[in-house]
Amino acid sequence: MTTINDPNLNLKVKKTVEKISENMHIIANEPSLAFYRIQEHVRKVLPLVVDRRSEVEVLQQELQGKCYDLEYAVTALKSIEAAEKPVKNIHELLKNAIFLKQQLKYEESKRPKKESSQNSVYKRLSAHITLDIPDLTNAVRETTNRVENMMIRTNSVQNGTNATELQRSHTTLH
C-alpha cells in the first residue's frame, strides 16, 4: 500500500470512507428499522382497530334487528290495508244495528208499560244466591224487598195506580 502525503486528499478519502460506512450501516439496518416502525405503528393502532371492529359488529346487529322490525311493520301495514274492506263491512253492520236498536226503542216507547214482577232483576239475582250464612241471607232478602217496594212506589206514581205489593216470584228466597 502506498501512502499519500497530501493532507487534503487524506481528509477527502477519510470523509468518503466514513460516508460509505455510514451508508452501508444504514442500508444494512434499514429493513430492521422499517420493521420496527411498522411494529410500533401496529401496536398503537391495533387496539383502536379492534375496538372499532367490535363497535361495527354491534351496530350491524342493531341494524339487522331494526331491519327485521321495519319488515314486520311493513307487513303489518299491508295487512291493515287488506283489512279495509272487512272494516267497512263491520262499520255498515254497526250502523244498521244502531238504526234497528233505535227503531226498537221507539216501538217500545209506544207500547203501554206493564209491571213485570216476574222479570225483576233483583228477584232473579236473589234466586241464584245460595248462602249458608243466615244473617247475610236475611240482609239480601231485606234489601231485595226494599228495592222492590221502591220500584212499586215509583211505578205507582208514574202509572197512577195504587198497587202496593208485588207478588213474589217462585224463584226468590223464602
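What is the mean pLDDT of the chain, and what share of its residues reach 70 or more? The mean is 78, and 70% of the residues get to 70 or more. Keep in mind that this is a predicted model. In outline, the chain has four helices and zero strands, and just 7% of its 174 residues count as buried.

**Overall layout**
- Reading from the N terminus, you meet the elements in the order α-α-α-α.
- Helix α1 covers residues 7–82, and helix α2 covers residues 84–110.
- Take the contacts between residues at least 6 apart in sequence: 61% of them join residues at least 24 apart.

**Confidence along the chain**
- Over residues 162–174, pLDDT stays under 50.
- For that stretch, the model has 28 contacts beyond four places in sequence.

**Surface**
- About 16200 Å² of the chain is exposed, and carbon and sulfur atoms supply 60% of that area.
- There's a nonpolar patch on the surface, formed by Phe35, Ile38, Val42, Leu46, Val49 and Val50.
- Together, the residues of this patch have about 560 Å² of accessible area.
- Val42, one of the patch residues, lies in helix α1.
- Is Val42 buried or partly exposed? Val42 counts as partly exposed, because its relative accessibility is 39%, and buried would mean under 20%.

**Salt bridges in helix α1**
- Here's the general idea: side chains of opposite charge can pair when their charged atoms come close.
- The salt bridge count comes to five, and two of those pairs are described here, starting with Glu40 and Arg37.
- The side chains of Glu40 and Arg37 meet with an N to O distance of 3.3 Å.
- Both Glu40 and Arg37 sit in helix α1, three residues apart, which is about one turn of the helix.
- Glu40 has a relative accessible area of 28%, so it is partly exposed.
- Arg37 is partly exposed too, with a relative accessible area of 48%.
- Further along helix α1, Arg53 and Glu57 are four residues apart, so about one helical turn separates them.
- The side chains of Arg53 and Glu57 also meet in a salt bridge, at 3.7 Å from N to O.
- Arg53 is exposed, with a relative accessible area of 59%, whereas Glu57 is partly exposed at 40%.
- Why does Arg53 count as exposed? Its relative accessible area is 59%, and exposed means over 50%.

**A salt bridge in helix α2**
- Glu92 forms a salt bridge with Lys95, and their closest N and O atoms are 3.6 Å apart.
- How far apart in sequence are Glu92 and Lys95? These two are three residues apart in helix α2, about one turn of the helix.
- Glu92 is partly exposed, with a relative accessible area of 42%.
- Lys95 counts as partly exposed as well, at 43% relative accessibility.

Methods. Residues are numbered from 1 along each chain as its sequence is written. This is a predicted model: local features need pLDDT of at least 70, side-chain atom pairs count only at pLDDT 80 or more; totals for chains, interfaces and linings use all residues. Side-chain values use heavy atoms; hydrogens and water are left out. Buried means under 20% relative accessible area, exposed over 50%, partly exposed in between (1.4 Å probe, protein chains only). Contact means heavy atoms within 4.5 Å. Accessible areas come from the Shrake-Rupley method with a 1.4 Å probe; for residues, only the protein chains shown count as cover. Patches are made of residues with over 30% relative accessible area and no salt bridge: like charges are joined within 9 Å, nonpolar side chains (Val, Leu, Ile, Met, Phe, Trp, Tyr) within 5 Å. A salt bridge is a side-chain nitrogen of Lys or Arg within 4 Å of a carboxyl oxygen of Asp or Glu. pLDDT is the predictor's confidence in each residue, from 0 to 100.
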